[in-house]
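Reader: I would like to go through this model and ask, for each label, what it rests on. Please set each value against its cut-off.

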Amino acid sequence: MKAKLFIAEDQPNFRKGLLKLAGKRSTEWVVAGEAANGRAALSSMEQCVPDLLLTDIRMPHMDGLELAEEIKARGWGTKIVIITGFKDFAYAQSALKFGVLDFITKPCVEADILNMLDKTYVRLIEENQSGRLVEDWRRQHEDGQLRSAIMGMSCNNGEVQALLGRMKECELYFLSIPAYISAEKHYTAQDMPLLQFALGNIIREHLHKWYGGGFRLFSLSSSEWALLADRAESRPEMPSSWLQTLADSIQHYLKLALASSGQGQCRTAEDLRQAYERYCSGTGREAASERSTAYEALLNQTALYEKEKEIVSWLMSEDNGRLNKELLDQVGRIGNMPPQTAKIEALLLAAALLRLVQVQFPEWRMASRSIEWGSVYKCESPEEITEWLQVYIREFLHSHNNWIAGKKDHPVKQAIRFIEEKYMEECGLAEVAAHVHLNPSYFSNLFKKETGESVTAYIQNLRVQKAKLLLKSTDMKVFEIAQAVGFNDSNYFTHMFNKIAGLSPKEYRKRTSATSHD
């Protein structure tokens, strides 16, 4: 991400000097414009609102304070830094009411300007990440309400009703992948996040083409999704057998089978719950009744809240040994219960762990998981039930241990962990440096000193390695693979792949295909 800088300064030589200094931070900043007075600056900024305005306090036509006041009146989010002489400093402080971020007093040196640019850039990145986090959290919350409604758990019926009400003709579908790994594919358990990302991309690409923005797709488990689609938003080019087209596309690109089930229109939370019961009824009426009993147990929000408080108390002790022991004791206790009771208790503990993570640690990968209800209902013995539960406990403990280690780790180790989790998204020097709370230029030198390569090179190498997996195991188009592993430009992806692997993506696919046939 490059941030936009605007410079308003009436002294030509000083303005020229500021432009030169901004050029030393060209990786982070682009100069969006310059002006010799406040009025001209305001006019130019209306065409392209900058992230930062660096302005002199005394200028003709409109001074720096009046300019700051006008920017606030327009509601722009522009950060403002005022350059002022010592004699004007008290006067400049009155600009604080207009949201001025900082002051630089004349005479100033190069380091003053560069430090200000670095600090402001890190702040912009953190705010940007925070904004995305809030939006992601809102989406996760809404998906969680819909998921709870589908599974018959406690939810805000009014909120669910409002979410469904956004669609004129809301239809519900369930999508699932029966198996990710087989002998004919090169996938491993470590590749599941990338596969799920690629799968989601392919499904959403088709749905955008057929429904525009009139759909909502969210997970029920790692292999099962709910799709809410607004039939009123369907487009003429949508094929009549669009579910089959979707399945064919998944099979073609990822070599995975996609199963689907349409449940008709849904307008209320009760409609969603009944639809899921119908969907699950293929396993038998008795199994559906058993599911209903377990769901009702989870409806006891007091029990769930108490379980969460219990886990929090173990976390607050800051004793990892105790946390491990308490959770393993829970597993042992549940393993000695009758199967039906064990299922309910296992579901209660798994739900408490997931809800705690989603609220307290939304950045953990586990926060995007949901309970795999279908798996636990297939368990027949206490041993199978505890084995199912331990998957969630192990993931929780692993995430918690990484989080604790990350707080103590060297910044480069923290950065590498962050890159390995975020390489599929917008992930560059600025984002990584902001994650470890270091100046980008300083962190870049530190990373290269520790690893022997730049942050950008490390990220590109990792993306190319992940791309090789998809080239070898799927028929996804090159531009789709580029997008799946974090490249926005397929031509640039091809260039980087050729540079790192020594051959083009198409040549790599052809060579690995020939090798596997031999």
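Author: One cut-off comes up throughout: buried means under 20% relative accessible area, exposed over 50%, and partly exposed in between. The model is a predicted one. In helix H6, residues 157–165, the residues Val160, Leu163 and Leu164 are buried by that rule.

Reader: How do you know that Val160, Leu163 and Leu164 are on the same side of H6?

Author: From the arc around the axis. Val160, Leu163 and Leu164 cover only 95°, which puts them on the same side of H6. An α-helix has 3.6 residues a turn, so residues three or four places apart point the same way.

Reader: What makes Asn156 a cap of H6?

Author: A side-chain oxygen of Asn156 lies 3.0 Å from the backbone nitrogen of Gly158. A polar contact is a pair of N or O atoms within 3.5 Å, and the 3.0 Å pair meets that distance. Asn156 therefore caps the N-terminal end of H6.

Reader: Which residues are buried in helix H2, and what puts them on the same side?

Author: H2 spans residues 38–47, and its buried residues are Gly38, Ala41, Leu42 and Met45. They cover an arc of only 100° around the axis, which puts them on the same side of H2. The face turned away from that buried side carries Arg39 and Gln47, which are exposed.

Reader: What do the buried residues of H2 pack against?

Author: Their partners are strand S1 (3–8), strand S2 (29–35), strand S3 (52–56) and helix H3 (64–74). The cut-off for contact is heavy atoms within 4.5 Å. H2 also has a cap at its N-terminal end: a side-chain oxygen of Asn37 lies 3.1 Å from the backbone nitrogen of Arg39.

Reader: Where does the label "4-aspartylphosphate" come from?

Author: It comes from UniProt, where an unreviewed entry has the annotation "modified residue: 4-aspartylphosphate" covering Asp56. Such annotations may be inferred rather than shown by experiment. In the model, Asp56 is found in strand S3.

Reader: Why is Asp56 called buried?

Author: Its relative accessibility is 5%. Buried means under 20%, so Asp56 counts as buried. Leaving aside neighbours within four places in sequence, Asp56 is in contact with Ala8, Glu9, Asp10, Gly64, Ile83 and Lys106.

Reader: Why is Thr84 called buried?

Author: Thr84, in strand S4 (residues 79–85), has 0% relative accessibility and therefore counts as buried. Thr84 and Thr105 are 21 residues apart in sequence, yet their C-alpha atoms are 4.9 Å apart in space.

Reader: Why is His61 called exposed and Lys255 partly exposed?

Author: His61 has a relative accessible area of 57%, and exposed means over 50%, so the label follows. Lys255 stands at 27%, which lies between the cut-offs of 20% and 50%, so Lys255 counts as partly exposed. His61 is found in the loop between S3 and H3, and Lys255 in the loop between H8 and S9.

Reader: What is the phi of His61, and what is that of Lys255?

Author: His61 has a positive phi of about 70° although it is not a glycine. For Lys255, also not a glycine, the positive phi is about 60°.

Reader: Is Leu256 buried or exposed?

Author: Leu256 lies in the loop between helix H8 (242–254) and S9. Its relative accessible area is 1%, so Leu256 is buried. The C-alpha atoms of Leu256 and Tyr180, 76 residues apart along the chain, are separated by 6.7 Å.

Reader: What makes the pair Ser261 and Gln263 a polar contact?

Author: The side chains of Ser261 and Gln263 are joined at 2.8 Å, and the limit is 3.5 Å. Ser261 is in strand S9, residues 259–265.

Reader: Which residues touch the most other members of the largest nonpolar core?

Author: Of its 63 residues, they are Leu254, Ile419, Val432, Phe443, Met476 and Phe493. Apart from that core lies another of 33 residues, among them Ala342, Val357, Ala367 and Leu397.

Reader: How much of the chain is buried?

Author: Of the 518 residues, 48% count as buried. The chain has 22 helices and nine strands.

Definitions and conventions
Residues are numbered from 1 along each chain as its sequence is written. This is a predicted model: local features need pLDDT of at least 70, side-chain atom pairs count only at pLDDT 80 or more; totals for chains, interfaces and linings use all residues. Side-chain values use heavy atoms; hydrogens and water are left out. Buried means under 20% relative accessible area, exposed over 50%, partly exposed in between (1.4 Å probe, protein chains only). Helices (H or I, at least four residues) and strands (E, at least two) are DSSP runs, numbered from the N terminus. The arc is that of the directions from the helix axis to the C-beta atoms. A polar contact is a pair of N or O atoms within 3.5 Å; within protein, one must be able to donate a hydrogen and the other to accept it, and residues adjacent in sequence count only if both atoms are side-chain atoms. A nonpolar core is a set of buried Ala, Val, Leu, Ile, Met, Phe, Trp, Tyr and Cys residues joined through side-chain atoms within 4.5 Å.
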